[in-house]
Amino acid sequence: MRAAHTEAQVRDAEAALASTLADGALMQRAATGLAYAVLGLLGGAYGRRVVLLVGSGANGGDALHAGALLARRGVAVEAVLLSEAVHAEGLAALRAAGGRDRGWDGTGPRRLPDVVVDGIVGIGGRPGLKPDAAAALAAYAPEDDTGARPVQVVAVDVPSGVEVDTGRLPDGAHVRADLTVTFGTHKVAHLVDPASPACGAVHLVDIGLGPHLPPADVVALQADDVAALLPRPGRAAHKYTRGVVGVRAGSGRYPGAGLLAVAGAASGLAGMVRYVGDPTVLDRVREAHPEVVGVGRVQSWTVGSGGDNRAGAALRAALADEVPLVVDAEALRHLDAPVRAEDGSSVPAVLTPHAGELASLLGVERADVEADQLAYARRAAQRYDTVVLLKGPHSLVAHPDGRVRVNTTGPSWLATAGAGDVLAGLVGALLATGLDPFDAAAVGSWLHGAAATYASQGGPIVASDVADAVGEVVRSLLA
Ligand SMILES: NC(=O)C1=CN([C@@H]2O[C@H](COP(=O)(O)OP(=O)(O)OC[C@H]3O[C@@H](n4cnc5c(N)ncnc54)[C@H](O)[C@@H]3O)[C@@H](O)[C@H]2O)[C@@H](O)CC1
Ligand SMILES: [K+]
């Protein structure tokens, strides 16, 4: 499990740990990890040039101490001090090791360095960069019109300027890193979009914080977590004990969505798939998936993918069964908050909106959701009193109690028509096997992304490729 903590949680844990250690020991651990990560990126020391952008706090102190270690190894290190007052011990260490420093006077370098280290601000930073910091960054790590850079940028702890606890980006400038070296635990911004791409690759340095950290509210499941949650048929299993998933999706207008939702549901995780819906879709489903059967009892429903104006009726029919369900696409438009069966009892559900659909569920603008995904996913989970899977490059699975699982699997090629239909069917199948909605949504989105990676191999894919690859991913997890 990759855990992401908030600034306050990190500060409490650091205080508890620091009280057991000599002064400055934690910063030394952080700076050493940072220096070795930079050395790895440089691929050597002699002849390499590193510039440190240094702000007023301990984040700048990390950069200065790492710079000292790099300078002792033979790297040419120059610190650009962006504040009158920087970490005094760090600066002394850098100077003693032969590193140079200068203030920022608006003039850029004669020759660009190999790596720029962003020690402007860490978890104590306010959003955005001050004009001096933004100008120094642009001078030492210039970008062309496409955003490409000749210089690699390593962020200390977090890319300066991003919002650490929310994953939001500021209105103004922020650092865009190739590598972020963080300490003790991940921070929310490392996992949550739109901030997470600004972190580049994230490298975690263990500074001994683990025992002092509380359970994280924001986590990302890893392969072993998913393997542990995967349903496996017992020795005495038969198709009904493994779970029956029903699909009410697709329409005369969008027959393919029905087929793809069935393909996701028919990944082999549940014991049986039923399709209930448009007769023309049913014929095509039977042709493509001869194992799929018609009306009967189910342990879960997937409703709404590629639906038409009958999606409301399909949703009501599914809710009436009072089994767990996935509510997707068109069916989302017919949901009341909180999600309840007709008799008022609560029904375990997973809503699977993309940002636009989540915006409609909450009566806000799509751009607002995209800018503040964590907050809006949590708000929807609370308002609808159910698990919400907000689909995106890093999909969020939000529980009404505030916990969130971030999905980090899947290539950009997964942004393809019908991929959401496959996901809805897959999560429905996992619900049928008995996983609770939070687990089914998180495991489903992890498998969906991993299947896309497997199918893509770095190239283009279509949605049915994703469904076809789920079995292979499950096999490798179980191996
Ligand atoms: N606390 C600890 O025990 C450890 C902290 N570490 C480092 O310490 C960092 C946190 O240090 P600090 O609490 O000193 O805070 P920061 O270094 O994040 O920065 C806070 C300082 O920057 C100024 N500032 C805030 N927003 C700014 C902005 N947008 N532009 C320019 N200046 C701004 C503030 O006035 C304050 O002086 C962590 O991110 C990590 O890098 C590590 O050394 C590990 C140990
Ligand atoms: K930073």
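Two residues are in contact when their C-beta atoms, placed from the backbone, lie within 7 Å. This notion of contact is used in what follows for a model that is predicted. Helix H8, residues 255–265, lies across strands E11, E12 and E13 and runs at about 170 degrees to E11.

The strands beneath this helix belong to an open sheet of 11 strands, in which the order is E8-E1-E10-E18-E17-E16-E15-E14-E13-E11-E12 and the pairing is mixed. Strand E8 (186–187) and strand E12 (272–275) each have a single partner strand and stand at the edges, so one side of each has no neighbour in the sheet. Strand E11, residues 244–248, pairs with E13 in the parallel sense over four bridges, and Val245 stands opposite Ser300 in E13. Strand E13 (residues 300–303) in turn pairs with E14, again in the parallel sense, over three bridges. There, Val303 stands opposite Val327 in E14.

In a regular strand the side chains alternate between the two faces of the sheet. Strand E14, residues 325–328, can be read in this light: Leu325 and Val327 point one way, Val326 and Asp328 point the other way, and all are buried.

A second sheet is also open and contains seven strands in the order E4-E3-E2-E5-E6-E7-E9, with parallel pairing. Its edges are formed by strand E4 (100–103) and strand E9 (201–205); each has a single partner strand, so one side of each is left without a neighbour in the sheet. On average, neighbouring strands of this sheet are turned by 20 degrees against each other, direction ignored. Strand E3, residues 76–81, is joined to E4 in the parallel sense by four bridges, and the bridge partner of Leu81 in E4 is Gly103. Helix H5 (residues 131–140) lies across strand E2 (49–54), E3 and strand E5 (115–119), and its direction is at about 170 degrees to E2.

Helix H3 comprises residues 58–72. Its 15 residues reach 21 Å from the first C-alpha to the last, close to the 21 Å expected at 1.5 Å a residue. Of these 15 residues, 14 are buried, so H3 is largely enclosed by the rest of the structure. One residue of this helix is Leu64, which is buried because 31 other C-beta atoms lie within 10 Å, and 20 or more are needed to count as buried. Apart from residues up to four places away in sequence, Leu64 touches Leu52, Val54, Ala79, Val86, His87, Gly90, Leu91, Ala93 and Leu94. Leu64 and Gly124 are 60 residues apart in sequence, and their C-alpha atoms are 17 Å apart in space. Just after H3, Gly74 takes a positive phi of about 110 degrees.

Helix H3 also takes part in the surroundings of ligand 1. Of the 24 residues around ligand 1, those that come nearest are Gly57, Ala58, Asn59, Gly122 and Gly124. Helix H1 (7–18), helix H2 (25–42) and H3 are the elements that give two or more residues to this shell. The most come from H3, which gives four residues. Sorted by class, the shell has 10 nonpolar, nine polar and five charged residues.

Further along the chain, Ala441 is found in helix H16, residues 437–456. Ala441 counts as buried because it has 30 C-beta neighbours inside 10 Å. Leaving aside neighbours within four places in sequence, Ala441 is in contact with Val350, Val387, Leu389, Val397 and Val427. The C-alpha atoms of Ala441 and Gly40 are separated by 37 Å, with their positions 401 residues apart along the chain.

Several backbone features remain to be noted. A cis peptide bond, with omega at about 5 degrees, joins Asp193 and Pro194; Pro194 lies in the loop between helix H6 (188–191) and E9. The peptide bond from Ala337 to Pro338 is likewise cis, with omega near -10 degrees, and Pro338 is found in the loop between helix H11 (329–332) and strand E15 (349–352).

Glu322 has a positive phi of about 55 degrees although it is not a glycine. Glu322 sits in the loop between helix H10 (311–320) and E14 and counts as partly exposed, with 14 C-beta neighbours inside 10 Å. Gln457, also not a glycine, has a positive phi of about 50 degrees. Gln457 is found in the loop between H16 and helix H17 (463–478), and it is exposed, with 9 other C-beta atoms within 10 Å.

Technical notes. Residues numbered from 1 in each chain as written. Chains lettered and ligands numbered in written order. Predicted model: local features only at pLDDT ≥ 70, side-chain atom pairs only at ≥ 80, totals over all residues. Pairing = 2+ DSSP bridges. Axes fitted to C-alpha atoms, helices over the stretch in contact; angles between N-to-C directions. Expected span 1.5 Å × (residues − 1). Buried ≥ 20, exposed ≤ 12 C-beta atoms within 10 Å, placed from the backbone. Near = placed C-beta within 6 Å. Nonpolar A, V, L, I, M, F, W, Y, C, P; charged D, E, K, R; others polar.
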